Structure formats: structure tokens, C-alpha cells
Amino acid sequence: MAVDRVPVLKRCRSLGLDPIYLGIDKKSTRELKRANRKISEYGMQLREKQKAKFIYGVLEKPFRNYYAKAEKMEGQAGENLMILLERRLDNVVFRMGFGRTRRETRQIVGHRHILVNGKCVNIPSYLVKAGDVVEVMEKAKSSQRYKDVLEVTSGRMVPAWLDVDQENLRGTVKELPTREEIDVPVNEMLIVELYSK
């Protein structure tokens with residue numbers, strides 16, 4: 001299986017991205033060397049695509065598949081793409097505050113700690129639907145890991161489209177998110193332009 005092993009802060013610096021979107025509180029003190037270089041139109045489109053892929057932890061081929069699916073859906077392809085990415089199970093677990101970082105929530109899902117509607121799901125790319133109940137397994141709830149996680153994430157804002165009970169490590173997807181509710185700094189129109197060439 002392909003894994004992205006690029007150092008997170010280095011990648012954030014190159015994309016001009018705040019590490020807080022990945023759940024990381026650290027800041028890089030280094031300056032970007034090519035800060036004053038002019039970027040071409042293609043370069044800007046490519047950067048937006050790389051930002052979206054990096055934030056959600058998606059590699060090129062699955063990302064292309066998401067785009068193809070978004071194009072077939074009703075509405076604008078860019079908005080549909082962002083909504084599909086936001087509906088990924090690892091992202092929903094991160095948004096609910098059951099993991100400190102997006103990479104940690106991906107690991108939590110992979111280690112079979114998450115139940116969706118009472119069934120164990122270990123696929124990070126599983127797309128949740130409106131009305132789905134996402135919770136941490138009973139045997140994992142009592143572990144020290146989740147107590148530590150809740151201490152760190154208790155102040156984090158939960159999006160309006162999710163309803164979370166942090167005491168019981170359980171949440172419900174009230175409705176599918178709209179583009180306005182997704183606070184990711186990605187200009188999806190540039191991604192659409194890139195793929196429509």
C-alpha cells in the first residue's frame with residue numbers, strides 16, 4: 001500500500017498551509033526560500049489539488065476517482081468533490097474529536113476501533129451518509145488513549161452537520177455538509193479547471 005511519508009511541517013510550508021487543518025499545533029519557524037517567485041496559472045491549480053490531497057490524506061488515483069464521481073453528481077463538481085472528501089470516515093472521526101490529528105484518526109479507523117451503525121468499519125475512505133451513527137467500540141472506550149485524546153480535542157469546534165456526545169465517544173451525522181460548512185482553505189474551482197484541461 002502506498003504511504004505518504006513526507007514530513008508534515010515541511011509539506012505544509014511548501015503548500016502555504018496552516019498545520020492546524022491537520023490537527024497539528026506546531027508551527028514551522030523556517031522561511032520558504034522561493035517566497036517571491038511568481039507562480040503560473042497551472043502551478044496555482046496544481047497547488048490547490050495538492051493541498052486538498054494532503055489535508056484529507058488521499059493519493060492521486062483515489063482523488064481522481066473522487067473527482068470523476070463528483071462530476072457525475074448533481075450540482076457543481078468542485079463543491080461535490082469537497083463534500084465527498086469531507087464525508088470520508090477518517091475525516092468524520094477527526095471532526096468529531098475522537099483523534100488529535102487526521103493521520104491518527106486514519107489509524108484509529110484502520111485498527112478497527114470505529115463502529116458505523118453498530119458494525120465495525122476499518123476503511124478510512126468509507127463515505128458516511130445522513131443519519132449514520134459513528135462511535136468508538138466499547139472495549140476501546142475505556143483505554144487511556146481516548147481519555148488523552150478527549151483532553152486535547154475538547155475545545156475543538158464540531159461542525160453543525162455533526163452531533164457529538166463526547167462523554168460516550170459517539171456521534172451522529174445529522175445531514176450531509178454543504179460547502180459553506182467546510183472550513184478547508186482550498187479553492188476547488190482551480191481543481192476543476194485543472195482536471196477539465
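In this predicted model, Val-149 is found in helix H8, which spans residues 144-153. Val-149 has a relative accessibility of 0% and therefore counts as buried. Leaving aside residues up to four places away in sequence, Val-149 touches Gly-97, Phe-98, Gly-99, Arg-100 and Glu-104. Thr-101 is separated from Val-149 by 48 residues in sequence, while their C-alpha atoms are 9.7 Å apart in space.

One of the residues touched by Val-149 is Gly-97, and this residue leads to the next element. Gly-97 follows helix H5 and has a positive phi, near 85°.

**Helix H5 and its packing against H6**

Helix H5 comprises residues 89-96. Eight of its eight residues are buried, so H5 is largely enclosed by the rest of the structure. The buried residues are Leu-89, Asp-90, Asn-91, Val-92, Val-93, Phe-94, Arg-95 and Met-96.

H5 packs with H6 at an angle of about 115°, and the two axes lie 8 Å apart. The crossing of H5 past H6 is right-handed. On the H5 side, the contact involves Leu-89, Asp-90, Asn-91, Val-93, Phe-94 and Arg-95; on the H6 side, these residues meet Arg-102, Thr-105, Arg-106 and Val-109. By class, the contact of H5 with H6 contains four nonpolar, two polar and four charged residues.

**Helix H1**

H6, which covers residues 102-110, also takes part in covering the buried residues of H1, as does helix H2 (41-56). H1 itself runs over residues 8-15, and its buried residues are Val-8, Cys-12, Arg-13, Ser-14 and Leu-15. Just after H1 comes Gly-16, with a positive phi of about 65°.

**Helices H3 and H9**

A further helix pair is formed by H3 (residues 60-72) and H9 (residues 188-195), whose axes come within 12 Å and cross at roughly 95°. That angle makes H3 roughly perpendicular to H9. H3 contributes Glu-60, Phe-63, Arg-64 and Tyr-67 to the contact, and H9 contributes Ile-191, Val-192 and Tyr-195. The contact of H3 with H9 has five nonpolar residues, two charged residues and no polar ones.

**Salt bridges**

The structure holds 14 salt bridges. The following table presents some of them.

| Salt bridge | Closest N to O distance |
|---|---|
| Lys-49 and Glu-60 | 2.9 Å |
| Glu-60 and Arg-64 | 3.3 Å |
| Glu-135 and Arg-170 | 3.1 Å |

The salt bridge between Lys-49 and Glu-60 links distant parts of the chain, since Lys-49 belongs to helix H2 and Glu-60 to helix H3, eleven residues apart. Lys-49 counts as buried because its relative accessibility is 9%. Glu-60, with a relative accessible area of 25%, is partly exposed.

Glu-60 also meets Arg-64 in a salt bridge. Both of these residues lie in helix H3, four residues apart, which is about one turn of the helix. Arg-64 counts as partly exposed at 48% relative accessibility. The network of salt bridges to which these residues belong consists of Lys-49, Lys-53, Glu-60 and Arg-64. Glu-60 and Arg-64 are also among the residues of H3 in the contact with H9.

The salt bridge between Glu-135 and Arg-170 involves two strands. Glu-135 lies in strand S3 (residues 133-136) and Arg-170 in strand S5 (residues 170-173), so the pair ties together parts that are 35 residues apart in sequence. Glu-135 is buried, with a relative accessible area of 12%. Arg-170, in turn, has a relative accessible area of 36% and is partly exposed.

Note on methods:
Residues are numbered from 1 along each chain as its sequence is written. This is a predicted model: local features need pLDDT of at least 70, side-chain atom pairs count only at pLDDT 80 or more; totals for chains, interfaces and linings use all residues. Side-chain values use heavy atoms; hydrogens and water are left out. Buried means under 20% relative accessible area, exposed over 50%, partly exposed in between (1.4 Å probe, protein chains only). Helices (H or I, at least four residues) and strands (E, at least two) are DSSP runs, numbered from the N terminus. Contact means heavy atoms within 4.5 Å. Axes are lines fitted to C-alpha atoms, for helices over the stretch in contact, and angles run from 0 to 180 degrees between N-to-C directions. A crossing is left-handed if the near helix is turned anticlockwise from the far one by less than a right angle, and right-handed if clockwise. Ala, Val, Leu, Ile, Met, Phe, Trp, Tyr, Cys and Pro count as nonpolar, Asp, Glu, Lys and Arg as charged, and the others, Gly among them, as polar. Angles under 35 degrees count as roughly parallel, over 145 as roughly antiparallel, 65 to 115 as roughly perpendicular and the rest as oblique. A salt bridge is a side-chain nitrogen of Lys or Arg within 4 Å of a carboxyl oxygen of Asp or Glu.
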